[in-house]
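Trainee: I would like to learn how to read a structure like this one. Where should we begin?

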Amino acid sequence: MSSTTIFGIAAAIVFSMGLYGVVVVPDLLRKLIALNVMGSSVFLVFVVVAGRAGAPDPVPHAMVLTGIVVTVGGTGLAIALLRRRMSDGGPAHLPEDDLDES
């Protein structure tokens, strides 16, 4: 089994773990963390694709670096919005989750 296959399988497993967290967990902060885990697995796929050819392709690596910067900015914004929601007395989970429990 080649290293690209191992990394591809690892990326699929990490993506499915993040997807499980997004679908199942009601807490918004944990959903945000699960989305970041999913994004990290996509970055891993880009690096695997970039290294498949004989010489590494710099374009996917540049896309990963750009994606990391965008992810950090988006995560910071999401955390700020979540903190604002909690400081205003709102719950840390979505209101429709309350309907599912009753």
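Mentor: Begin with the buried residues of one element. In α2 these are Leu28, Lys31, Leu32, Ala34, Met38, Ser41, Phe43, Val48 and Ala50. Keep in mind that this is a predicted model.

Trainee: What covers the buried residues of α2?

Mentor: The cover includes α1, residues 3-24, and α3. We can take one residue from the list and look at its surroundings. Met38 lies in α2 and counts as buried because its relative accessibility is 13%, under the 20% cut-off.

Trainee: Which residues is Met38 in contact with, leaving aside its neighbours within four places in sequence?

Mentor: Met38 is in contact with Phe15, Gly18, Leu19 and Val22. A related reading is the C-alpha separation: Met38 and Tyr20 are 18 residues apart along the chain, and their C-alpha atoms are separated by 9.9 Å.

Trainee: Gly39 also lies in helix α2. Is Gly39 buried or partly exposed?

Mentor: Gly39 is partly exposed, because its relative accessible area of 23% falls between the 20% and 50% cut-offs. Its C-alpha atom is separated by 8.6 Å from that of Gly18, with the two positions 21 residues apart along the chain.

Trainee: How do I place α2 within the whole chain?

Mentor: Count the elements. The protein chain has four helices and zero strands, and from the N terminus on they run α-α-α-α. Of its 102 residues, 18% count as buried.

Trainee: What share of the contacts with a separation of 6 or more comes from residues 24 or more positions apart?

Mentor: Such residues account for 52% of those contacts in the protein chain. One pair far apart in sequence is Ser3 and Val48: they are 45 residues apart in sequence and 8.8 Å apart in space, C-alpha to C-alpha. Ser3 is in helix α1 and, at 46% relative accessibility, counts as partly exposed. Val48 is among the buried residues of α2.

Trainee: How do I describe a pair of packed helices?

Mentor: Two packed helices are described by the angle between their axes and by the distance between those axes. Here, the axes of α2 (residues 28-50) and α3 (residues 58-87) come within 10 Å and cross at roughly 180°. That angle makes α2 roughly antiparallel to α3.

Trainee: Which residues make the contact?

Mentor: From α2 come Leu28, Leu29, Leu32, Asn36, Phe43, Phe46, Val47 and Ala50. From α3 come Pro60, His61, Met63, Val64, Gly67, Ile68, Thr71, Thr75, Ala78, Ile79, Leu82 and Arg85. By class, the contact has 14 nonpolar, five polar and one charged residues.

Trainee: Can we follow single residues in that contact?

Mentor: Take Leu28 of α2. Leu28 counts as buried because its relative accessibility is 19%, under the 20% cut-off. Leu28 and Ala78 are 50 residues apart in sequence and 9.6 Å apart in space, C-alpha to C-alpha. On the other helix, Thr75 is found in α3 and is buried, with a relative accessible area of 15%. Not counting residues up to four places away in sequence, Thr75 touches Leu32 and Asn36.

Trainee: Which residues of α3 are buried, and what do they pack against?

Mentor: The buried residues of α3 are Pro60, Val64, Gly67, Thr75 and Leu82. They pack against α2.

Trainee: How do I check the length of a helix against the expected span?

Mentor: Compare its end-to-end C-alpha distance with the rise of 1.5 Å a residue. For the 30 residues of α3 the expected span is 44 Å, and the end C-alpha atoms are 44 Å apart, so the two agree. For α2, with 23 residues, the reach from first C-alpha to last is 33 Å, close to the expected 33 Å.

Trainee: What follows α3?

Mentor: Gly89 follows α3, and its phi is positive, near 90°.

Trainee: How should I read charged side chains?

Mentor: Side chains of opposite charge can pair when their charged atoms come close. This structure holds one salt bridge. The side chains of Arg84 and Asp88 meet in it, at 3.8 Å from N to O.

Trainee: Are Arg84 and Asp88 buried or exposed?

Mentor: Both Arg84 and Asp88 are exposed.

Key:
Residues numbered from 1 in each chain as written. Predicted model: local features only at pLDDT ≥ 70, side-chain atom pairs only at ≥ 80, totals over all residues. Heavy atoms only, no water. Axes fitted to C-alpha atoms, helices over the stretch in contact; angles between N-to-C directions. Helix = DSSP H or I, 4+ residues; strand = E, 2+ residues; numbered from the N terminus. Parallel < 35°, antiparallel > 145°, perpendicular 65-115°, else oblique. Contact = heavy atoms within 4.5 Å. Nonpolar A, V, L, I, M, F, W, Y, C, P; charged D, E, K, R; others polar. Expected span 1.5 Å × (residues − 1). Buried < 20%, exposed > 50% of the residue type's maximum accessible area, 1.4 Å probe, protein only. Salt bridge = Lys/Arg side-chain N within 4 Å of Asp/Glu carboxyl O.
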